[in-house]
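Thanks, everyone, for making the time; I would like to take two topics in turn, helix packing and then cysteines. Please have the sequence and the structure in view while I talk.

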Amino acid sequence: MQLDLIIHASDIVTLNPNRPRANRVGVLHGRIVGFDEELDGLTARREEQLGDAVVTPGLIDAHCHTSWWGLSLDSVDLSTVRSLAELYEKLDAAARALHVKHGAWIHATGFNQALTGGQFPSIERLDAITGDHPLYIRHTSGHAAITNTATLKLIGALDEGFENPVGGAVVRDADGTPTGLIEESAQGLVQALLLPYSTERLVDAIDEATKRYAAQGITSFCEAGIAGGWIGHSPIEVSAYQAAAASGRLHARAQLMPTLDGLQPLTAHAADFQGEGSGLGASLGVTFGFGTDMVRLGHTKVFLDGSLLGATAAVTEDYCGHPHNTGYLLDEPGTYRERALAVYRAGWPLALHAIGDEAIDLALDLIGEAQERYGTLAVPCRIEHFGIARPEQLTRAAALGVAVTPQAGFIGPIGDQMAERVGPSREGWLYRGRSVIDAGILLAGSSDLPVADNNLRRSMQSAVDRLTSGGKVLGEAEVITPFEALRCYTEWAAIASGQGADRGTLEPGKLADFTAFSASPLTAANMNDLEIVATFVGGAATFDSRTAAGPG
């Protein structure tokens, strides 16, 4: 038998306890056939000599926003500004470039008020710069945006009788005048002016984004919200991923989470949907797991609360410096209960966005009732972010068998800001690691790109040292080992997404998805210093630093 590929490397870390290390791995039809002596006497159409590189299972980003990030790559990047003057200068340059395009949009992304001394742009100054051009600045958290008067007019926010949508707000000053800040679901009013994006535009965005994923060693990812709500980009967003895969423009395997708003009421036989005859789902009755190895449906994404940076995450104690502000849930608990149970009985495991501890309480209540009424699914329900988790919530999450996806990558760039929001008494609860593992909870690694970058080497190092950009150790008791950090972004991420049978470890029969590092992430002094040598999906190189630098 002739194989398609044999890879040689100084060390192959399999994460399979039955064969933890190897030096050769063979591939046939996109899957692993064996290691070392199991390949003796076999030849391959292609052999890859990776020299001193260390090969691991392909990295998995368990929660990111690919379409959003891809679409923003040609926006004005505000993530590097350090003053409002610099922000205004960048927006002015963008507006001048559009001077002949009456009414054309100005898009910007990555704004974080922590980088501008806690100050937000003045709407008066933005109006002077942008004129009649609608403006849409995405906050780095994704849970807020900044606009100008031209945009506020378009969404009707200046009309008499305007009412905020459920779960969001057009923020106003003491006189009732809009400040330009738009929170949470109110962003959907702006998005409605831009949506839906065409499939062609989305394919372009997916192509550009996943090329960059490959350069970061990422072989699989979970797209955390498609098809509906303010996070979706088209009601047929799945077809964009299918088209990207069919045309060779999808460079990592995609698992797609439809939002709760992207699903619809379904009625079937009285015996269906756990004997209730109705539920919430997708057309034709397709549900979790439907698709191919390249594009597959995942959990249902449900937003329960907002963001920590915007102080809209629902917490049980006031934010520091913000008396009587405990954030808010984005809808009534009773409404969530009705809809979440309808989704669950239709066969969809839940992925509940819950950052504040009040929202985590609700997430645990919903999962607990769903499992009690309809049984436990083969795939774990998830709590996305699990940002401020009280100690007793760990015990309850473990008992329910949930998976959680806190973002260790937040600790460096915004850890100081998060700690300031919650204060010393709660900062040890932020984006936990060690206590999650010790409680027996599945800890899945993710970036939440573009809230933070998707350099997963940096994220793994942050999980190990928990150092903020200001030099603070955020929750010293929560540090984990390099071995555990690697498992977060491989094996545990695969299990949390219901795909552990095919990926996450290197074993015969599993997909031939590999990440080759310049040295071992298990022994490196700093994993962020490692280089990605090559990335393989199904045995095909999606990135190779030896032949091309690849996109940044």
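**Helix packing and cysteines**

Let me begin with helix 10, residues 357-374, and helix 11, residues 391-400, whose axes come within 10 Å and cross at roughly 25 degrees. Since angles under 35 degrees count as roughly parallel, helix 10 is therefore roughly parallel to helix 11. I should say at once that this is a predicted model, and that what I quote is computed from it. As for handedness, the crossing in which helix 10 passes helix 11 is left-handed.

Which residues make the contact? On the helix 10 side they are Asp357, Ile360, Asp361, Leu364, Asp365, Ile367, Gly368 and Gln371, while helix 11 contributes Gln393, Arg396, Ala397 and Leu400. Sorted by class, the contact of helix 10 with helix 11 comprises 5 nonpolar, 3 polar and 4 charged residues.

Now to the cysteines. How many disulfides does the structure hold? The count is 0. Cys64, to take one case, is in no disulfide, and the nearest cysteine sulfur, which belongs to Cys222, lies 7.4 Å away. Cys64 counts as buried because its relative accessibility is 0%, the cut-off for buried being under 20%.

And why is there no bond between Cys488 and Cys222? The closest cysteine sulfur to that of Cys488 is the one in Cys222, and at 14 Å it is too far for a bond, given that a disulfide requires the two sulfur atoms to be within 2.5 Å. Cys488 is buried as well, with a relative accessible area of 4%.

Terms used
Residues are numbered from 1 along each chain as its sequence is written. This is a predicted model: local features need pLDDT of at least 70, side-chain atom pairs count only at pLDDT 80 or more; totals for chains, interfaces and linings use all residues. Side-chain values use heavy atoms; hydrogens and water are left out. Buried means under 20% relative accessible area, exposed over 50%, partly exposed in between (1.4 Å probe, protein chains only). Axes are lines fitted to C-alpha atoms, for helices over the stretch in contact, and angles run from 0 to 180 degrees between N-to-C directions. Helices (H or I, at least four residues) and strands (E, at least two) are DSSP runs, numbered from the N terminus. Angles under 35 degrees count as roughly parallel, over 145 as roughly antiparallel, 65 to 115 as roughly perpendicular and the rest as oblique. A crossing is left-handed if the near helix is turned anticlockwise from the far one by less than a right angle, and right-handed if clockwise. Contact means heavy atoms within 4.5 Å. Ala, Val, Leu, Ile, Met, Phe, Trp, Tyr, Cys and Pro count as nonpolar, Asp, Glu, Lys and Arg as charged, and the others, Gly among them, as polar.
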